[in-house]
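The exercises below are meant for a reader who is new to this structure. Try each task before reading its solution.

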Amino acid sequence: MPRAPIKIPLSQLARGQRATVECCALDSLPNEHRCLLAAMGMGEQCEVRVCRPGTPCIVQIDQTRLGLPRDIADRIMVTPIESKTP
Amino acid sequence: MIPRVALLGNPNTGKSTLFNRLCGLRSKTANFPGSTVEHQVGRCVTKSGQELDLIDLPGIYSLVLEMPESKLCSDCLDGRVGDGRPDATLLVLDANNLTRNLQFAASALRRGLPSVVAINMVDLAQRRGLIIDEQAASQALGVPVIAVSARSGQGIDRLIEQLTRTATSSSIPNPDQPLPNSEPGSTASAIWAATVFARIAAHPDEKKVDGMTIHDRLDAAFTHPLLGIVLFAIMMSLLFASIYWLAQFPMNAVDGIFGWFGSGITSLMPAGTLRDLMVNGIVGGVSATVVFLPQILLLFFLLALLEDSGYLARAAFAVDRTMRRFGLPGQAFMPLLSSHACALPGIMATRLIPNQRDRLATILVAPFMSCSARVPVYALLTGVLFADRPLAAGFAFTGCYVVGGIAGLGTAALLRKTILRGPSTPMMLELPDYRIPSIRNALTVALDRGMLFLKNAGSVILAIAIVMWWMSAYPKSTPTPESVALEMRAVEIAPTDPSAAADLRIQVSRIDERTQQNGSFAGQLGSIVQPAFAPIGLDRQLTVAVLTSFLAREVFTTTVFVLAGAGSNAEGEDSGTLETVRSATRDDGLPLFTMATSAALLIFFVLAMQCLPTLVVVARETGSWRWPLLQFCYMTAIAYTAAFLVYRFMS
């Protein structure tokens, strides 16, 4: 039986780690922040790469870099993507 | 009728650079009636002579967000503001962020206006190996698509040609597949954008980066809690020093030119009221306005360079944590720091702050920062206070800056907990790519800000300067018997001892200046309000000096020199002048500057809102006289209380 994907807060990813922003990942945020983040490129199923963990948490989505405060990154749930071994 | 074209796009798409490329200097900052959100308007003239009016709307991520900028753009497209619906839109997309930008373009195209899409920064994209098919993009979006580089000028001529054709036609978007019926960021919109991207762009060499890139390393350094602050401090010191140092040359030139102009008028016109008005009122007033321009131009030029380089967004994060303790966002640091040169450009720079409450709090506390106009006052008073103790004078001088800073930040914390209470907007910022800033763009921004200052604040400052001149110059006093006697003595000895006669004439002019100052309306007003300043140790003469310094703080030193009999051209750094000021007396014969009076005045000038031009700019920036009035009352009350306590303690 396949394991359910593990969801963790974006703030817990390590530098360089990639993850997928899951459906309902932004639900715990106020509506205005959720809409802004989605319009900035952090929509459902988008892939993020952590450029800098901590405060600010800097993530890259496609070619866009977003800086987020720690408390916002704490509330965005993502599914880490296993890095492929060479 | 000249066709009107609205420029729309996400932030950091190079939209304003493209606007500046299309309009050059034929542009200005404007507001729609009832809105405080700014936009640029300009005119683009094609090679064939066709004119287009361009409206550069603020960069937004979506037309439906609950933000003033989004609402303004939406209202403009629907014709709810301005002169009805624009004839066309120019949608500016970043070639390097196409999937997100396409989603925004789709939502704008759904409004049904004739449109042209400019895919900007295509040169950067090509360097990354991205190839964009204009033809396929035109088919997918149903409007003409032109790949351009606003910086290098690539594709601009084709864009202007196409824009002219579209703006004078009524062709509505006709995509070959339906546009998503949802806003940017939704799943449907993202899927549509991914499909279109796959059709119009090819990225044969794309590789996923797993390690740290140079961008990551720079971001980590610039936003590091310690290193980021250190780098920011270095950068700001350089910026601040450049403004301080570089601005002195044009400021001296402005002084020189207006001085020369005033002398010219003096020699050409017969003596009288009209000449006085021309030289001291109008030329003096224009000079008092224009003298602020160099600092404003320099600050906005350097800020535009820093913003364009991509550094400013990172710096805002570096100082955000510290500033949040005082209820202010990271973006408030820069305006507060620039206020140390002059509060006017500092207050104008608060437009970088997105949240209205944060911006208002920053505007209200900016004048607490010790500006360059306070420096001569600090130099004079610390010199008087600590005669022959330069080290103590130096500490006191530094202390003035510290006290001002603490009062400002403390007030900001107080404001955010009281009248400006409300949630702070967490800083969620897009960090633009690092790049070499465009000098051309920075020059356009600086010139625009300079013109805006002259237009909005300049006329009011000029009017105030003329009123202040009139109050100091009228009614005309008759020479005192002492002055007449000295003048006669000078005439007598002139043939035998010309140098002694010249000295006597200098004394005569100082006595006349002092008599005029005391007898003028400003002097009379000083006598009336003096009882209010008595508790902080000011006599009638010093009250006049404080009142006249309301136009500009540095006027205080000139007035004090005149009162002390050192002449209006005396220099504060001159030890002889300082000695004269120290030994000056009141009408009753007691010393004018006691330790207690000097200390009280010093703290008063650190904290008081003694600057009419700042009040005018605050009124312009906040759109109401309510805030500058509150600011004036609050700062005066704080300054008065502090001066009173210091005076009592030292007495």
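**Exercise 1: the contact between the chains**

Task: State how many residues each chain gives to the contact, then describe the side that belongs to chain B.

Solution. In this predicted model, the contact is made of 29 residues from chain A and 28 residues from chain B. The next step is to find the elements of chain B that give two or more residues to the side touching chain A: they are the helices H3 (98-109), H7 (187-200), H8 (214-222) and H12 (311-324), together with strand E10 (429-430). H8(B) supplies the largest share of this side, 3 residues. By residue type, the side of chain B that touches chain A holds 12 nonpolar, 9 polar and 7 charged residues.

**Exercise 2: a strand pair across the chains**

Task: Find the sense in which strand E5 of chain A pairs with E10(B), and name the residue that stands opposite A:Leu66.

Solution. Start with the strands: E5 of chain A covers residues 64-68, and its pairing with E10(B) is antiparallel, over 2 bridges. Then look for the partner of A:Leu66: B:Glu430, in E10(B), stands opposite.

**Exercise 3: chain B as a whole**

Task: Describe chain B by its elements, its span, its buried share and its contacts.

Solution. First, the elements: chain B has 27 helices and 10 strands. Second, the span: the C-alpha trace of chain B extends about 100 × 55 × 40 Å along its principal axes. Third, burial: 47% of the 651 residues of chain B count as buried. Last, the contacts: taking those in chain B between residues at least 6 apart in sequence, 72% join residues at least 24 apart.

Technical notes:
Residues are numbered from 1 along each chain as its sequence is written. Chains are lettered from A and ligands numbered from 1 in the order in which they are written. This is a predicted model: local features need pLDDT of at least 70, side-chain atom pairs count only at pLDDT 80 or more; totals for chains, interfaces and linings use all residues. Two residues are in contact if their C-beta atoms, placed from the backbone, lie within 7 Å. Helices (H or I, at least four residues) and strands (E, at least two) are DSSP runs, numbered from the N terminus. Ala, Val, Leu, Ile, Met, Phe, Trp, Tyr, Cys and Pro count as nonpolar, Asp, Glu, Lys and Arg as charged, and the others, Gly among them, as polar. Two strands pair if DSSP finds at least two bridges between them. A residue is buried if 20 or more other C-beta atoms lie within 10 Å of its own, exposed if 12 or fewer, and partly exposed in between; C-beta atoms are placed from the backbone.
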